[in-house]
Amino acid sequence: MGRTFFTCFAAALLLAGCAAPSPTTDQPGGPRITAPSLGIFSRIKVPEGHEPALQLSARGVQIFRCERVGSSFEWRFRQPEAELLDGQGRAAGRHGANFSFEHRDGSRLLGTVVSHDQAASADTLPWLLLSTKSFGKGDFAGISYVQRVNTRGGMPPANCSASQSSQLLRVDFSADFVFYRRRG
């Protein structure tokens with residue numbers, strides 16, 4: 001009985017940690033921004049001292065190119081091409097090459113992948129944590145991290161053929177992006 005109790009108690013603690021409420025931020029006159037609920041072992045958690053400032057969804061394509069790798073051919077990632085949408089579904093900006101983001105107000109971000117979590121299926125993009133540099137004044141000013149979560153689609157087939165060499169493949173995807181600023 002003691003062993004079963006300990007196992008159940010440990011499982012309950014683990015589940016409680018996964019279900020802990022996520023931090024939220026109130027935007028004056030805007031929607032409440034909530035950090036995504038991530039598992040205990042997630043590698044895309046934003047460092048302490050940052051809070052969610054903005055959330056946008058993306059709809060677009062991931063672009064791949066068929067390239068020779070050793071004796072076979074594979075689809076290799078080139079760039080995303082997506083429209084960013086606000087909570088009401090209105091165009092808010094673009095997401096493109098080199099993990100860049102451009103807001104309709106002219107502010108921009110350039111991101112670098114820090115870490116990733118595997119997606120639930122092979123045809124779905126991994127979730128990412130990006131560190132960013134911001135440029136200009138506007139909604140992206142001061143953004144230091146971005147998480148790509150809730151991905152759907154976006155991954156190419158595992159291989160391509162020699163007859164497809166140098167061809168581009170555009171794979172539909174959608175995702176949510178949560179943008180973080182330093183607290184304070």
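Among contacts in the protein between residues at least 6 apart in sequence, what percentage join residues at least 24 apart? In this predicted model, the figure is 57%. Let us walk through the structure with that number in mind.

Start with the overall plan. The protein has one helix and ten strands, and the helix comes at the start of the order, with the strands following along the chain toward the C terminus. Of its 184 residues, 38% count as buried. Eight of the strands make a closed barrel, in the order S3-S4-S5-S6-S7-S8-S9-S10, and their pairing is antiparallel. From one strand to the next, the twist averages 30 degrees.

Now follow the barrel from strand to strand. S3 and S4 run antiparallel and are joined by 13 bridges; here Val 61 stands opposite Glu 81 in S4. A little further along, strand S5, residues 91–96, pairs with S6 in the antiparallel sense over four bridges. His 95 has Phe 101 as its bridge partner in S6. The hairpin of S5 and S6 has three residues between the strands, and one residue to look for there is Asn 98, with a positive phi near 60 degrees.

From S6 the chain goes on to another hairpin, this time with S7, and four residues lie between the two strands. In that turn, Gly 106 has a positive phi of about 95 degrees. S6 and strand S7, residues 108–117, pair in the antiparallel sense over three bridges. Two of the facing pairs are easy to find: Glu 102 stands opposite Arg 108 in S7, and Ser 100 stands opposite Leu 110 in S7. S7 in turn pairs with S8, again in the antiparallel sense, over nine bridges, and Asp 117 has Trp 127 as its bridge partner in S8.

Strand S6 deserves a second look. In a regular strand, side chains alternate between the two faces of the sheet. Which residues of S6 are on its covered face, and which are on the uncovered one? Phe 101 and His 103 make up the covered face, while Ser 100 and Glu 102 make up the uncovered one.

Phe 101 leads us to the interior. In soluble globular proteins, nonpolar side chains tend to be buried together. The largest nonpolar core here has 20 residues, and Phe 101 is among those with the most contacts inside it, along with Phe 140, Val 146, Phe 177 and Phe 179. Strands S3, S4, S8, S9 and S10 each give two or more residues to this core. There is also a second, separate core of nine residues, which includes Ala 35, Leu 38, Val 46 and Tyr 180.

To get a feel for the largest core, pick out Val 146 and see what it touches. Leaving aside neighbours within four places in sequence, Val 146 is in contact with residues including Phe 101, Leu 109, Leu 128, Phe 177 and Phe 179. Another of its contacts is Thr 132, a residue of strand S8.

Thr 132 is worth a stop of its own. With a relative accessible area of 14%, Thr 132 counts as buried, because the cut-off for buried is under 20%. Its side chain reaches the backbone oxygen of Ile 143 at 2.9 Å. Not counting residues up to four places away in sequence, Thr 132 touches Leu 109, Leu 110 and Gly 111, and also Ile 143, Ser 144, Tyr 145 and Val 146.

One last feature brings us back to residues that are far apart in sequence. The protein has one disulfide, and this bond joins Cys 66 to Cys 160, with an S to S distance of 2.1 Å. The link is right-handed, with 95 degrees about the S-S bond. Why does this pair tie together parts that are 94 residues apart in sequence? Cys 66 lies in strand S3 while Cys 160 lies in the loop between S9 and S10, so the disulfide connects those two places. Both ends are buried: Cys 66 has a relative accessible area of 1%, and Cys 160 has one of 11%.

Note on methods
Residues are numbered from 1 along each chain as its sequence is written. This is a predicted model: local features need pLDDT of at least 70, side-chain atom pairs count only at pLDDT 80 or more; totals for chains, interfaces and linings use all residues. Side-chain values use heavy atoms; hydrogens and water are left out. A nonpolar core is a set of buried Ala, Val, Leu, Ile, Met, Phe, Trp, Tyr and Cys residues joined through side-chain atoms within 4.5 Å. Buried means under 20% relative accessible area, exposed over 50%, partly exposed in between (1.4 Å probe, protein chains only). Contact means heavy atoms within 4.5 Å. Two strands pair if DSSP finds at least two bridges between them. Axes are lines fitted to C-alpha atoms, for helices over the stretch in contact, and angles run from 0 to 180 degrees between N-to-C directions. A disulfide is a pair of cysteine sulfur atoms within 2.5 Å. A polar contact is a pair of N or O atoms within 3.5 Å; within protein, one must be able to donate a hydrogen and the other to accept it, and residues adjacent in sequence count only if both atoms are side-chain atoms.
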